[in-house]
Amino acid sequence: MIMSETLIFIGGEGPDRLDLPVENHFSRIIASDSGLDLALRLGFRPDLVVGDMDSVQADISGYETVVRPCDKDESDFELALGQCCGDYVLIGGGGGRMDHLINIYSCFSRLRPPRMWITSSDIIFFSMAFRASLVEGTLVSFYPYDLKGSAVVTARGLVWELDGRVVDLGFFSLSNRSRGEVTEIMSSYPLAIRFGMDKSFLKAKIYVC
């Protein structure tokens, strides 16, 4: 699958290297504050850097910037989303403060979720339809991307399969496991579908609709 979208780097823990499990073509790269440090470490040069610049270590001179004061209503991630049109992939944001994590999910609910979010330990797809050839025992969890939402989900190729089961904040699939065959997840509402960051998963064949 080839997608054209924006690549957004934000502060917080990100991957050691960026091995995307799907083929992407990025039309624009945006870094939010210390997301610039992560982008440069992974070998990417952003087209735009946004934020209050209170935590970035790299020299921002030479980049197009949108700088806002530290005392502001929007988070740096919200500023990045304001500069993004259409689909995006999000990198970073792991291992941080709980309020930052809540803000990120709030942005997903109020604005829009990414196609994919990669932190230091997680790969999360946001989709109503997911299909992959996974190694047996691969852990997967999924829940409505907007935790206020409710989804009717059918999931095949897992140890605990679902057949038209309602998935919401009161019930979601936690640490389910693949059976070593094709795994398919179909939902009436966009899900956050979470996998661990490991080499076997990155080599899987992924199809996201």
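A salt bridge is taken here as a side-chain nitrogen of Lys or Arg within 4 Å of a carboxyl oxygen of Asp or Glu. The structure is a predicted model, in which local features need pLDDT of at least 70 and side-chain atom pairs count only at pLDDT 80 or more, whereas totals for chains, interfaces and linings use all residues. Residues are numbered from 1 along each chain as its sequence is written, and side-chain values use heavy atoms, with hydrogens and water left out.

A word on confidence comes first. The pLDDT, the predictor's confidence in each residue on a scale from 0 to 100, averages 88 over the chain, and 93% of the residues score at least 70. Helices (DSSP runs of H or I, at least four residues) and strands (runs of E, at least two) are numbered from the N terminus. Among these elements, strand β9 (residues 151-156) has the highest mean pLDDT, 97, and helix α4 (residues 199-202) the lowest, 62.

Side chains of opposite charge can pair when their charged atoms come close. The whole structure holds 8 salt bridges. In one of them, R110 pairs with E78, with 3.0 Å between the closest N and O atoms. Because R110 belongs to helix α3 (residues 98-110) and E78 to helix α2 (residues 76-82), this contact ties together parts that are 32 residues apart in sequence. For solvent exposure, buried means under 20% relative accessible area, exposed over 50%, and partly exposed in between (1.4 Å probe, protein chains only). By these cut-offs R110 is partly exposed at 47%, while E78 is buried at 16%.

A salt bridge also links the side chains of E184 and R131, at 3.1 Å from N to O. E184 sits in strand β12 (residues 182-196) and R131 in strand β7 (residues 122-133), so the pair ties together parts that are 53 residues apart in sequence. Both partners are partly exposed, E184 with a relative accessibility of 35% and R131 with 36%. The side chains of R156 and D163 form a further salt bridge, 3.6 Å from N to O. Here R156 is partly exposed at 33%, whereas D163 is exposed at 62%. In addition, E161, R179 and E181 are joined into one network by salt bridges that share partners.

The pairing of strands gives the setting for several of these residues. Two strands are said to pair if DSSP finds at least two bridges between them. Strands β7 and β12, the two that carry R131 and E184, run antiparallel and are joined by 11 bridges; within this pairing F126 stands opposite A192 of β12. Strand β8 (residues 139-144) also pairs with β12 in the antiparallel sense, over 5 bridges, and F142 faces I193 of β12. A further antiparallel partner of β12 is β9, with 4 bridges, where A155 stands opposite I185. Strand β9 in turn pairs with strand β10 (residues 162-167), again antiparallel and over 4 bridges, with A151 opposite V167 of β10. The hairpin of β9 and β10 has 5 residues between its strands, and G157 there takes a positive phi near 80°.

Most residues other than glycine have a negative phi. D33, although not a glycine, has a positive phi of about 50°. D33 lies in the loop between β2 (23-32) and α1 (35-41), and is buried at 2% relative accessibility. M53 likewise has a positive phi, of about 60°, without being a glycine. The loop that holds M53 runs between β3 (48-51) and β4 (65-67), and M53 is buried, with a relative accessible area of 16%.

Pockets were sought on a 1 Å grid over the protein atoms alone, a pocket being an open set of points where a 1.4 Å probe fits, with protein on both sides within 12 Å along at least five of seven lines; lining residues have an atom within 4 Å of a point. The largest pocket has a volume (the space filled by probe spheres set on the points, which are joined across faces, edges and corners) of about 460 Å³. Its lining comprises 23 residues, of which G11, S75, D76, F77 and H100 lie nearest the centre. Helices α2 and α3 each supply at least two lining residues, and α3 gives the largest share, 4 residues. The lining divides into 5 nonpolar, 10 polar and 8 charged residues, where Ala, Val, Leu, Ile, Met, Phe, Trp, Tyr, Cys and Pro count as nonpolar, Asp, Glu, Lys and Arg as charged, and the others, Gly among them, as polar.
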